[in-house]
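Biologist: Hi! Could you walk me through this model while I have it open?
Modeller: Happy to, here it comes.

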Amino acid sequence: MKKFINGAMPILSMHTERVENRPDVVLVLPFGTELEAANSFIASLDQTCNLYTWQSRHILDDNDELQVQALTMASHAADLEQLIDEYALHEPVIVGYCSGAAVALHFAARSDNYQALFLVFGEYALAERSKEYEVPAHYFEVDTLLRMAAKSRAFSTMLSDKMSGAGFASQVADEARFFNKPYFNELYLHRYALNYLDFVSHDYLDDAKQLDKHVYVYCSDEDKHVGTDTSVVISNALKNSTLVKGKYGDHYAFCRPETGILQKLKKDISHEISSRECLHAV
């Protein structure tokens with residue numbers, strides 16, 4: 001574990017042992033997710049790549065003095081840029097998972113310092129921006145809840161208490177607990193909701209249209225959390241993309257060891273890196 005500073009804010013990050021001549025891969029985790037959610041992905045590539053990730057700012061921080069205006073997409077993209085600078089990385093491969101895919105897109109629309117993007121089971125807030133996107137049924141429930149929680153700490157406390165009292169925490173799968181931690185703490189929930197308002201205000205289709213480098217976009221027919229439409233829409237907006245669609249498990253398969261999506265990612269990342277090495281050798 002290590003902390004790096006972006007502005008006045010310490011950011012918690014971690015990386016594997018850095019080995020010279022190994023390619024660098026940066027993972028962008030979803031908002032409000034603990035670093036532990038990256039373990040299976042890191043294990044799948046640990047012997048072939050140097051891997052880096054960080055915990056999205058502040059949402060799971062117990063410091064009540066947090067400056068909430070820092071919970072913005074611009075800040076998350078700046079954190080990714082700062083992590084790349086901190087470790088002096090040159091054009092790393094960037095993997096974004098769930099809402100982390102949107103952060104990766106937002107970063108890539110403003111920086112050329114990456115080799116390729118791999119967007120996995122991405123969430124891109126397309127409900128009001130694309131008629132091609134069939135919005136999952138649970139979207140409106142989550143949207144309503146988070147907009148209420150963003151109003152005040154009092155609303156967040158009421159909602160968090162109701163979910164805890166209903167036994168919601170005991171009903172979710174183990175991997176889903178990585179994602180649902182903000183819902184069971186009123187301080188985390190309020191920050192998560194403020195972050196959500198900024199997240200859904202951005203146009204990630206516009207970000208996608210600005211990219212020239214190759215982007216791999218992954219979605220699974222078994223993913224009931226974000227579905228496949230959102231990834232298809234983003235892939236269609238990109239100039240240079242490969243859409244990978246199939247039965248790659250549910251939304252949380254990325255967090256389980258040796259799943260089909262992790263095996264597919266390992267193969268595609270290795271191919272992308274090898275292609276570049278061959279290009280440089282010519």
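**Helices, cores and a buried asparagine**

Modeller: Let me start with a helix pair: α4 and α5 are oblique to each other, an angle outside the classes under 35 degrees (roughly parallel), over 145 (roughly antiparallel) and 65 to 115 (roughly perpendicular).

Biologist: How close do the axes of α4 and α5 come, and at what angle do they cross?
Modeller: The axes of α4 (residues 138-149) and α5 (residues 153-165) come within 7 Å and cross at roughly 135 degrees. Axes are lines fitted to C-alpha atoms, for helices over the stretch in contact, with angles from 0 to 180 degrees between N-to-C directions.

Biologist: Which residues meet there?
Modeller: From α4, Leu145, Met148 and Ala149 meet Phe155, Ser156, Met158, Leu159 and Met163 of α5; contact means heavy atoms within 4.5 Å. They divide into 7 nonpolar, 1 polar and no charged.

Biologist: Hang on, what kind of model is this?
Modeller: It is a predicted model, where local features need pLDDT of at least 70 and side-chain atom pairs pLDDT 80 or more, while totals for chains, interfaces and linings use all residues. Residues are numbered from 1 along each chain as its sequence is written, and side-chain values use heavy atoms, without hydrogens and water.

Biologist: And the whole chain, how many helices and strands?
Modeller: The protein chain has 11 helices and 8 strands, taken as DSSP runs (H or I, at least four residues; E, at least two). Of its 282 residues, 55% count as buried, meaning under 20% relative accessible area with a 1.4 Å probe, protein chains only.

Biologist: What about the largest nonpolar core?
Modeller: That core has 57 residues, and those with the most contacts inside it include Ile94, Tyr124 and Phe199. A core here is a set of buried Ala, Val, Leu, Ile, Met, Phe, Trp, Tyr and Cys residues joined through side-chain atoms within 4.5 Å. Apart from it lies another core of 34 residues, among them Leu35, Tyr218, Ile261 and Ile269.

Biologist: Switching topic: is Asn50 buried or exposed?
Modeller: Buried, with a relative accessible area of 4%. Asn50 lies in strand β4 (residues 50-54).

Biologist: What does the Asn50 side chain reach?
Modeller: The backbone nitrogen of Val19, at 2.8 Å. The Asn50 side chain also makes a polar contact with the side chain of Asp24 at 3.2 Å; that term means a pair of N or O atoms within 3.5 Å, one able to donate a hydrogen and the other to accept it within protein, with residues adjacent in sequence counting only if both atoms are side-chain atoms.

Key. Nonpolar A, V, L, I, M, F, W, Y, C, P; charged D, E, K, R; others polar. Buried < 20%, exposed > 50% of the residue type's maximum accessible area, 1.4 Å probe, protein only.
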